[in-house]
Amino acid sequence: MYIIQTTYDDVLEQTFTLYDMNLRLTLRFNTVLVGYQFDLFDINNNQYLTTNKGLSVGSPALIEFDLPFVLVLYDKSGLGINAITKNDLHNRMQLLIMTKDEYRETIRASFRTENRQS
């Protein structure tokens, strides 16, 4: 699992190599939707994997793509709610990249923990 470093910038662009892929992530806050959207560009193949894809807390972005990973927006406060200001990404949220297997195991572990507390 990888944590994407965030800032207070209106548009955040990062280039990194993960899972044998050279990627460019462009992340921006959409003031109309009051949420985050991203573009993901495959540098090796010179093509966008997706554009204007939304991020929502706890929902795996890119799960439907034939990629070895997903992006997950995590609410560090524990409230499990989406951003309400652009500063939330840097203050309250973490953007995680994990394999699909890691994501599935996180869901299973969370489900097991919830059942034990009931």
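Trainee: Which residues do the ring pairs link into a cluster?
Mentor: In this predicted model, ring pairs link Tyr2, Tyr19 and Phe69 into a cluster.

Trainee: And how many aromatic pairs does the count come to?
Mentor: The count comes to four aromatic pairs. One of them joins Tyr19 and Phe69, whose ring centres lie 5.6 Å apart with the planes at 15°, and because planes under 30 degrees apart count as stacked, this pair is stacked.

Trainee: Where in the chain do those two sit?
Mentor: They come from distant parts of the chain, since Tyr19 belongs to the loop between strand S2 (11–18) and S3, while Phe69 belongs to strand S6, and the two are 50 residues apart.

Trainee: Is Phe69 buried or exposed?
Mentor: Phe69 counts as buried, with 1% relative accessibility, whereas Tyr19 is partly exposed at a relative accessible area of 25%.

Trainee: What about Phe41 and Tyr48, what kind of pair is that?
Mentor: That pair is edge-to-face, because the planes stand at 70°, and the ring centres are 4.8 Å apart. Phe41 is buried, its relative accessible area being 9%, and Tyr48 is partly exposed, with a value of 46%.

Trainee: Back to Tyr2, what is its bridge partner in S7?
Mentor: The bridge partner of Tyr2 in S7 is Ile97. Strand S7 (residues 93–99) runs antiparallel to S1, and three bridges join the two strands.

Trainee: In what order do the strands of that open sheet come?
Mentor: The order is S1-S7-S6, three strands in an open sheet with antiparallel pairing. Strand S1 (2–4) and strand S6 (69–75) are the edge strands, each pairing on one side only. On average, neighbouring strands of this sheet are turned by 30° against each other, direction ignored.

Trainee: Switching to empty space, how much lies in the largest pocket?
Mentor: About 220 Å³ of space lies in the largest pocket. Its lining has 14 residues, and Gly58, Val72, Tyr74, Tyr103 and Thr106 are the ones nearest the centre. At least two lining residues each come from S6, S7 and helix H2 (100–117). By class, this lining has eight nonpolar, five polar and one charged residues.

Trainee: And how many cavities of 30 Å³ or more does the structure hold?
Mentor: The structure holds one such cavity, and its volume is about 60 Å³. Among the residues lining this cavity are Asp9, Asp10, Arg28 and Lys86.

Trainee: Which strand gives the largest share of that lining?
Mentor: Strand S3 (residues 21–30) does, with three residues, and the lining of the largest cavity as a whole divides into five nonpolar, one polar and four charged residues.

Conventions
Residues are numbered from 1 along each chain as its sequence is written. This is a predicted model: local features need pLDDT of at least 70, side-chain atom pairs count only at pLDDT 80 or more; totals for chains, interfaces and linings use all residues. Side-chain values use heavy atoms; hydrogens and water are left out. Two strands pair if DSSP finds at least two bridges between them. Helices (H or I, at least four residues) and strands (E, at least two) are DSSP runs, numbered from the N terminus. Axes are lines fitted to C-alpha atoms, for helices over the stretch in contact, and angles run from 0 to 180 degrees between N-to-C directions. On a 1 Å grid over the protein atoms alone, a cavity is a set of points where a 1.4 Å probe fits but cannot get out, and a pocket is an open set with protein on both sides within 12 Å along at least five of seven lines; lining residues have an atom within 4 Å of a point. Grid points are joined across faces, edges and corners, and a volume is the space filled by probe spheres set on the points. Ala, Val, Leu, Ile, Met, Phe, Trp, Tyr, Cys and Pro count as nonpolar, Asp, Glu, Lys and Arg as charged, and the others, Gly among them, as polar. Rings of Phe, Tyr and Trp (its six-membered ring) pair if their centres lie within 6.5 Å; planes under 30 degrees apart count as stacked, over 60 as edge-to-face and the rest as tilted. Buried means under 20% relative accessible area, exposed over 50%, partly exposed in between (1.4 Å probe, protein chains only).
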